Amino acid sequence: MARFSSHGDFILKPFPCHQCHRSYKNKGSLKRHLEDECGKEPKYICTICDKGFHQKANFKRHKSTIHEHI
């Protein structure tokens with residue numbers, strides 16, 4: 001799979017998930033997706049807005065940017 005970035009650069013993503021058809025730039029990202037994300041409920045739920053996240057880093061970024069003043 002390939003797509004263009006927001007800057008117009010061509011991005012090759014040669015590692016597709018055969019369950020949900022998302023594609024990844026490297027095998028490690030696909031492995032993480034399959035183990036922690038694909039078809040699974042989010043592990044991290046925001047107690048303020050109930051948005052769910054599969055990755056802790058994304059959850060922490062959400063809290064610090066969306067709910068930074070609470």
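How far apart do the end C-alpha atoms of residues 44-70 lie, and what helix and strand content has the span? The ends are 18 Å apart, with 41% helix and 15% strand. Helices (H or I, at least four residues) and strands (E, at least two) are DSSP runs, numbered from the N terminus.

This is a predicted model: local features need pLDDT of at least 70, side-chain atom pairs count only at pLDDT 80 or more, and totals for chains, interfaces and linings use all residues. Residues are numbered from 1 along each chain as its sequence is written, and side-chain values use heavy atoms, without hydrogens and water.

The UniProt record (unreviewed entry) places "domain: C2H2-type" at residues 15-42 and 44-70. Such annotations may be inferred rather than shown by experiment; feature names are shortened and positions follow the numbering used here. Residues 15-42 are 39% helix and 14% strand, with end C-alpha atoms 22 Å apart.

His-62 sits in helix α2 (residues 56-66). His-62 is buried, because its relative accessibility is 7% (buried is under 20% relative accessible area, exposed over 50%, partly exposed in between; 1.4 Å probe, protein chains only). Beyond neighbours within four places in sequence, His-62 contacts Cys-46, Cys-49, Lys-51, Phe-53 and His-67 (contact: heavy atoms within 4.5 Å).

Two loop residues have positive phi. Most residues other than glycine have a negative phi.

| Residue and phi | Loop | Relative accessible area |
|---|---|---|
| His-21, near 70° | between β3 (15-16) and β4 (23-24) | 58%, exposed |
| Asp-50, near 65° | between β5 (44-45) and β6 (52-53) | 60%, exposed |
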